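Please open the structure in a viewer and keep the selection tool at hand. The tour below proceeds by selections, with a short account of what is found at each stop.

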Amino acid sequence: MHIDVLDLLGAAAGGFLGATLGALVAFVFTGFAVLVGVAVLIGGGGTAFLDNVAFGPFFGPHIAFAGGVAALAYAKRRGRIADGRDIVTPLVSLSRPDVLLVGAVFGVLGLLGQRAALEIPGFGDHTDTVALTVVASALVARLVFGRSGVIGPHSEGLTGARRFLPTDKHVWLAYQQQPLMAATLGLFVGGMSAWSSVVLLNAYPDAPGVTYLGFGVSAVSLLFLASGLNVPATHHITLVSGVAAGAFTGQVGGDAVTVLLGALAGLLTALVGEGFSRLWLIRGDTHIDPPASAIWPMTTAVLLVAELL
């Protein structure tokens, strides 16, 4: 695992920026950077912009988004913000340097954690280590700064399976939480991402990073969620569907089948994401990201299935 001082400096700055802007706004910039990176690939450039800006120290979710999440958890613990799951508020508004410095610390930890995950034999190249690190960082932040524990208590004292059912108080995104709604969203949004991936891979076979187009669009769309509009969170769907399209291209019965498999991967990812929201987000007092929670295991599943074909 090679990490130099420049990497560490960039990660500290990226985590600080994520806390300054707020985790969600920082992730929207990840989306913009992904779209620019895909355009660079289409224009014949390399992957440096995607690797170093979109998924690196600048706006990599394991650094900027995770830094914002951890800083928010710290701010909640210190009584400087009311809601430890409010990933929209730019934390610079609190005018507390210590909050922003927590983001910088977790930015560095995110870089180190992701690089370490990449080095795990047989695993690092079979999962999305960025998403895995986002989840691990959020779990650490909850255990260090939160009070609810990993799963969290139910406000009405419910136990057993009922503890995991959404309520008016315990909820992620109410308008996409029903299984049928989540599945439908996953199927069609996933199909869109898979279709664009197949079309672009056929046009630019030497640029596999073009499969990130749908993910970039989904990430940018969260700008409207931050503005108060009820847009869906779909970046887990589009990312895994794009991965599926890339993995199955040339291995199954034509492009149409590849798109359908990508759509199916999107459907399953949407349900897994909703499941994780019920597991450790909706009752917690800090943010543990349901999309990131779904991305890494579903990426692993897709890649393993593709290898078996």
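**First stop: the largest pocket**

Select helix H9, which gives the most to the lining of the largest pocket, with six residues. H9 covers residues 235-248. The model is a predicted one.

Next, extend the selection to the other helices around this pocket. Helix H3 (48-54), helix H5 (97-118), helix H6 (129-145) and helix H11 (290-308), like H9, each supply at least two residues of the lining. The lining comprises 40 residues in total; to find the centre of the pocket, select Phe55, Asp128, Thr129, Val130 and Tyr212, which lie nearest to that point. The volume of the largest pocket is about 920 Å³. Colouring the lining by class will show 21 nonpolar, 14 polar and five charged residues.

**Second stop: an aromatic pair**

Retain Phe55 and Tyr212 from the previous selection and hide the other residues. How far apart are the centres of these two rings, and at what angle do their planes stand? The centres are 5.0 Å apart and the planes are at 55 degrees, so the pair is tilted. The two residues are 157 residues apart, and their pair links distant parts of the chain. Phe55 belongs to the loop between H3 and helix H4 (64-77), whereas Tyr212 belongs to the loop between helix H7 (179-203) and H8. A search of the whole structure finds eleven aromatic pairs.

**Third stop: H9 against H10**

Return to H9 and add helix H10, residues 255-280. Two packed helices are described by the angle between their axes and the distance between the axes. Here the axes come within 8 Å and cross at roughly 145 degrees. The crossing of H9 and H10 is right-handed. On the H9 side, display His236, Ile237, Val240, Ser241, Ala244, Ala245 and Phe248, which make the contact. Their partners on H10 are Thr258, Leu261, Gly262, Ala265, Gly266, Thr269, Ala270 and Gly273. By class, this contact has eight nonpolar, seven polar and no charged residues.

**Last stop: the second largest pocket**

Finally, select Ile87, Trp172, Leu173, Leu225 and His287, the lining residues that lie nearest the centre of the second largest pocket. This pocket has a volume of about 400 Å³, and its lining is formed by 20 residues. Helix H2 (23-42) and helix H8 (213-226) are the elements that give two or more residues to this lining. By class, the lining divides into 13 nonpolar, three polar and four charged residues.

Terms used. Residues numbered from 1 in each chain as written. Predicted model: local features only at pLDDT ≥ 70, side-chain atom pairs only at ≥ 80, totals over all residues. Heavy atoms only, no water. Axes fitted to C-alpha atoms, helices over the stretch in contact; angles between N-to-C directions. Helix = DSSP H or I, 4+ residues; strand = E, 2+ residues; numbered from the N terminus. Left-handed = near helix turned anticlockwise from the far one by under 90°. Contact = heavy atoms within 4.5 Å. Nonpolar A, V, L, I, M, F, W, Y, C, P; charged D, E, K, R; others polar. 1 Å grid on protein atoms, 1.4 Å probe; cavity = no way out; pocket = protein on both sides within 12 Å on 5 of 7 lines; lining within 4 Å. Points joined across faces, edges and corners; volume = space filled by probe spheres on them. Phe/Tyr/Trp six-rings, centres within 6.5 Å; stacked < 30°, edge-to-face > 60°.
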